[in-house]
Amino acid sequence: MKKTVNSKEMIELTKEECTELRKIQLQIFDCFRKFCEENHLRYFLVGGSLLGAVRHEGYIPWDDDLDVGMPADDYYKFIRTFEDTELFYLDCQERDKRSWQHFGKLMMRDTLFDEYVKQNYDCKKGIFIDVFPLLSTPPKKSIKGRARDLWIRALNYKCFPRDFVTIWKPRHPIFSSLLKALSQVMFCWCSSSKAREIRNAYLEKHSRDKNDFVSLGDNLLSRVPCQYFDEIAVGTFEGRTVPIPKKWDEYLTWVYGDYMTLPPESERVPHHYVCGVKFNNAQLTASEGD
């Protein structure tokens, strides 16, 4: 099935295609789990994957990705020690300057998950799972927190591809437009890859500061109390026993509110705009989809 975003054709995966996509994501996840367990690295489900584990014991029925989080020390050790294999490879800015987000994507070779924001961008596009560092973050309304958020947002306008900024829907459009213009002036002297280096160095430097909150990578909207991740429990995800935060109820309530109530049907949609997918030697693109 096809749909249109900003005059560009996207595809909607069928139920069978979603099943195949998840099958590959779970293979990637199993590789990630094995490496972490062998190297004594801490990790746990976060975001929609944690919600899926609690409410569905697996994927949210309309979800199309898999999210894990790691304490900062474990994350930086992971991205510096994981060795690519014949089947899987790690994509992150520290390994590839074209990668623009401050978190890792563990991908399967010879697959494709081409998103709208990457369609015209030269970067790695395999089917993936997201691996987020939990970065120490000041309270949002503190002076330090506001200053940090402004700095990261200004850098992100330089770091992100134009198509990503186009579909980015800020809460305060006028302020965001002013910040975007300021960013273009502030960072006119450097390339996008250099801006990413500056941002990532800043985030890693302050990733272990003593604060009461953490964020998932450079996602400023994901700020949650760090105490939710102090201890680990176990949950079930697609037949697998997986680590989850012991305070999963507090975390999910903070992020989603009444998380056990399903959203309206109109909101039960994947959150990736996809224009091409390839798995098992079969490729589907927006121009080919029915």
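**Exercise 1. The hairpin of strands 11 and 12**

Task: Determine in which sense strand 11 and strand 12 pair, and over how many bridges.

Solution. Take the ranges: strand 11 covers residues 232–237 and strand 12 covers residues 240–245. The two run antiparallel and are joined over 6 bridges. For one register point, start at A233: its bridge partner in strand 12 is I244. Now look at the turn. The hairpin leaves 2 residues between its strands. In this hairpin E238 has a positive phi, near 50 degrees. The model is predicted, and these values are computed from it.

**Exercise 2. Salt bridge beside the hairpin**

Task: Find which residue forms a salt bridge with the side chain of E231, and state where both partners sit.

Solution. The side chain of E231 meets that of K246, at 3.6 Å from N to O. The pair links distant parts of the chain, 15 residues apart. E231 lies in the loop between strand 10 (224–225) and strand 11. K246 lies in the loop between strand 12 and helix 8 (248–256). Next, check exposure. E231 has 45% relative accessibility, so it counts as partly exposed. K246 is partly exposed as well, at 48%.

**Exercise 3. Global numbers**

Task: Summarise the fold of the protein chain by its elements, burial, contacts and surface.

Solution.
- Elements: the chain has 8 helices and 14 strands.
- Burial: 52% of its 290 residues count as buried.
- Contacts: among those between residues at least 6 apart in sequence, 67% join residues at least 24 apart.
- Surface: the accessible area is about 14,800 Å², and carbon and sulfur atoms own 52% of that area.

**Exercise 4. Two more salt bridges**

Task: The structure holds 18 salt bridges. Take K34–E38 and R148–D149, and decide for E38, R148 and D149 whether each is buried or partly exposed.

Solution. Begin with K34 and E38. Their side chains meet at 2.6 Å, N to O. Both belong to helix 1 (residues 15–38). They are 4 residues apart, which means about one helical turn separates them. E38 has a relative accessible area of 49%, so it is partly exposed.

Turn to R148 and D149. Here the N to O distance is 3.7 Å. R148 has a relative accessible area of 6% and is therefore buried. D149, at 10%, is buried too.

One further item extends beyond a pair: D30, R33 and R240 are linked in a salt-bridge network.

**Exercise 5. A nonpolar surface patch**

Task: Which residues form a nonpolar patch on the surface?

Solution. The members are W151, L182 and M186. Together they have about 240 Å² of accessible area. Place one of them: L182 is in helix 6 (residues 173–186). Its relative accessible area is 43%, so L182 is partly exposed.

**Exercise 6. Two loop residues and their surroundings**

Task: Describe the contacts of T111 and R95, leaving out residues up to four places away in sequence.

Solution for T111. Locate it first: the loop between strand 6 (104–108) and strand 7 (112–115). At 12% relative accessible area, T111 is buried. Its contacts are I24, K125, G126, I127 and K278. The side chain of T111 also reaches the backbone oxygen of M108, at 2.7 Å.

Solution for R95. This residue sits in the loop between strand 5 (88–91) and strand 6. R95 is partly exposed, at 33% relative accessible area. It touches F78, I79, R80, T81, F82, D84 and L90. With D84, the side chain of R95 makes a polar contact of 3.3 Å. For I79, compare sequence and space: R95 is 16 residues away along the chain, with a C-alpha to C-alpha distance of 8.4 Å.

**Exercise 7. Positive phi in loops**

Task: What are the phi values of H40 and E57, and where do these residues lie?

Solution. Start with the background: most residues other than glycine have a negative phi. Now take H40. Its phi is positive, near 55 degrees. H40 lies in the loop between helix 1 and strand 3 (44–45). With 70% relative accessibility, H40 counts as exposed.

Then take E57. Its phi is positive at about 55 degrees, although E57 is not a glycine. E57 lies in the loop between helix 2 (47–56) and strand 4 (67–71). The cut-off for exposed is over 50%. E57 has a relative accessible area of 51%, so it is exposed.

Note on methods:
Residues are numbered from 1 along each chain as its sequence is written. This is a predicted model: local features need pLDDT of at least 70, side-chain atom pairs count only at pLDDT 80 or more; totals for chains, interfaces and linings use all residues. Side-chain values use heavy atoms; hydrogens and water are left out. Buried means under 20% relative accessible area, exposed over 50%, partly exposed in between (1.4 Å probe, protein chains only). Contact means heavy atoms within 4.5 Å. Accessible areas come from the Shrake-Rupley method with a 1.4 Å probe; for residues, only the protein chains shown count as cover. Two strands pair if DSSP finds at least two bridges between them. Patches are made of residues with over 30% relative accessible area and no salt bridge: like charges are joined within 9 Å, nonpolar side chains (Val, Leu, Ile, Met, Phe, Trp, Tyr) within 5 Å. A salt bridge is a side-chain nitrogen of Lys or Arg within 4 Å of a carboxyl oxygen of Asp or Glu. A polar contact is a pair of N or O atoms within 3.5 Å; within protein, one must be able to donate a hydrogen and the other to accept it, and residues adjacent in sequence count only if both atoms are side-chain atoms.
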